Amino acid sequence: MVKVTIIGATGQVGSYAAHAISQISHVKEVCLFGRDGNQQFLEGLSRDLMDSFAARGTNTRISWSCDEKDLRGSEIIILTSGAARNGEQSRLDLAVSNAKVVATYAEKISRNASDTLLFVISNPVDIMTAVALKYSNLPPHRVFGLGTHLDSMRLKSCIAEFFNVHVSEVHTRIIGEHGDSMVPLWSATTIGGIQINNLPAFSRLPQEEIMERVKTSGQLIIRSKGSTVYGPGDAIATIVKTIVEDEHRILTVSTFIRKEVHDIGSVCIGVPARITRGGVFPVPIRLSDEELEAFRVSTEQIRDITRHVFETLKETFHSTEDNYF
């Protein structure tokens with residue numbers, strides 16, 4: 001039975017994720033963690049969730065804290081803290097300010113929960129995953145981000161709609177940055193087990209239009225209703241379930257790669273990874289020439305911004321010289 005702690009639980013994604021995760025049978029406790037000063041909100045949120053659990057018959061324990069010592073005993077820590085972007089911002093616009101928040105919590109996790117799995121949601125998620133890895137002192141297989149998992153689900157939904165099939169019949173992936181330079185793997189896309197380019201209707205698939213829809217989906221939701229909540233919240237819960245039930249599923253998340261993808265390495269970015277109770281392990285893959293070139297562009301962009309962020313953090317934060325990067 002597992003304790004899951006959500007840092008940034010006072011945010012909309014964090015609070016909904018708590019509700020979704022509480023329905024996983026192997027989760028015994030969900031701890032809502034927030035910064036000092038948010039005690040009243042956390043108390044109210046915990047009571048609201050307890051009422052929900054009672055109504056649906058859920059036996060999950062709910063707790064809350066602002067004390068870093070209560071991070072202890074967490075098998076999974078989900079880090080959602082940081083400024084939310086507005087409808088005009090890119091995820092990369094948030095890099096420096098959110099890096100300071102992520103580094104602060106990563107150091108607290110290093111002191112109190114050195115055996116945890118650290119699951120990063122804060123944007124820009126690829127860069128924040130690298131910051132969390134550097135300042136938590138956890139091994140790479142124990143630090144990962146939501147990455148392009150939700151983007152892959154959005155692409156899956158668009159393809160299912162076009163071909164008029166159940167979404168479960170579509171298998172596809174997006175790799176690279178969780179952002180504008182994301183790369184769809186059409187070469188790895190199947191419908192009902194059939195390679196998508198072997199279907200006559202594929203020639204009519206509006207690939208660029210679909211990818212634009214995937215890339216701008218979050219921005220559209222933010223402009224329309226203020227924030228994305230249910231999509232990321234359920235995506236988070238899906239990955240937590242995969243971990244606690246040790247399913248060994250391959251999902252596309254942001255993780256540290258060395259040489260798994262055409263010897264491109266030393267960067268945290270979205271790639272297929274085998275997800276287990278023990279951690280997240282990138283799966284070696286080969287790409288088409290076109291996909292490889294796009295992936296190189298994406299990784300270089302993320303690597304450059306990651307280096308810039310690390311430079312800005314040097315004066316404030318200390319890290320060991322493991323230097324994966």
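Me: What makes Leu79 the bridge partner of Ile7 in E4 part of a real strand pairing?
Reply: In this predicted model, Ile7 has Leu79 as its bridge partner in E4. Two strands pair if there are at least two bridges between them, and E1 and E4 are joined by four, running parallel. So by the cut-off of at least two bridges, this is a pair.

Me: And what makes E4 and E5 a pair?
Reply: That's the parallel sense again, over four bridges. One of the contributing matches is Ile76, whose bridge partner in E5 is Leu117.

Me: Why is E4 called covered on both faces?
Reply: Look at which side chains go where. In a regular strand the side chains alternate between the two faces of the sheet. Ile76 and Ile78 sit on one side of E4, Ile77 and Leu79 on the other, and all are buried. Buried means under 20% relative accessible area, so E4 has cover on both faces.

Me: Why is helix H1 called largely enclosed?
Reply: Seven of its ten residues (12–21) are buried, so the rest of the structure largely encloses H1. The buried ones are Val13, Gly14, Ser15, Ala17, Ala18, Ala20 and Ile21.

Me: What do the buried residues of H1 pack against?
Reply: Three strands and two helices: E1 (2–7), E2 (27–33) and E4 (76–79), plus H2 (39–56) and H7 (230–244).

Me: Why are E7 and E11 said to stand at the edges of their sheet?
Reply: The sheet is an open one of three strands, in the order E7-E10-E11, with antiparallel pairing. E7 (170–171) and E11 (194–195) each have a single partner strand, so one side of each is left without a neighbour in the sheet.

Me: How do you know that E7 and E10 count as a pair?
Reply: They have two bridges, in the antiparallel sense, and the cut-off is at least two. So the pairing meets the cut-off. Val170 has Ile191 as its bridge partner in E10.

Me: What makes the peptide bond from Asn123 to Pro124 stand out?
Reply: Most peptide bonds are trans. The one from Asn123 to Pro124 is cis, with omega near -5 degrees. Pro124 belongs to the loop between E5 (117–120) and H4 (125–136).

Me: What is notable about the phi of Asp246?
Reply: Most residues other than glycine have a negative phi. Asp246 has a positive value, near 50 degrees, in the loop between H7 and E12 (249–257). Ser266 is also positive, at about 60 degrees, although it is not a glycine; Ser266 is found in the loop between E12 and E13 (267–276).

Me: Why are Asp246 and Ser266 called partly exposed?
Reply: Buried is under 20% and exposed is over 50%, with partly exposed in between. Asp246 has a relative accessible area of 36% and Ser266 is at 32%, so both land in the middle class.

Me: Why is the protein chain called as compact as a globular protein of its length?
Reply: The chain has eight helices and 14 strands. Its radius of gyration is 19 Å, close to the 20 Å that the globule rule gives for 325 residues, so the description fits. The C-alpha trace spans about 55 × 50 × 40 Å along its principal axes.

Me: How many of the contacts in the protein chain with a separation of 6 or more link residues 24 or more positions apart?
Reply: Such residues account for 73% of them. Buried residues, for their part, make up 54% of the 325 in the chain.

Note on methods
Residues are numbered from 1 along each chain as its sequence is written. This is a predicted model: local features need pLDDT of at least 70, side-chain atom pairs count only at pLDDT 80 or more; totals for chains, interfaces and linings use all residues. Side-chain values use heavy atoms; hydrogens and water are left out. Buried means under 20% relative accessible area, exposed over 50%, partly exposed in between (1.4 Å probe, protein chains only). Contact means heavy atoms within 4.5 Å. The radius of gyration is taken over C-alpha atoms; the globule rule is 2.2 Å times the number of residues to the power 0.38.
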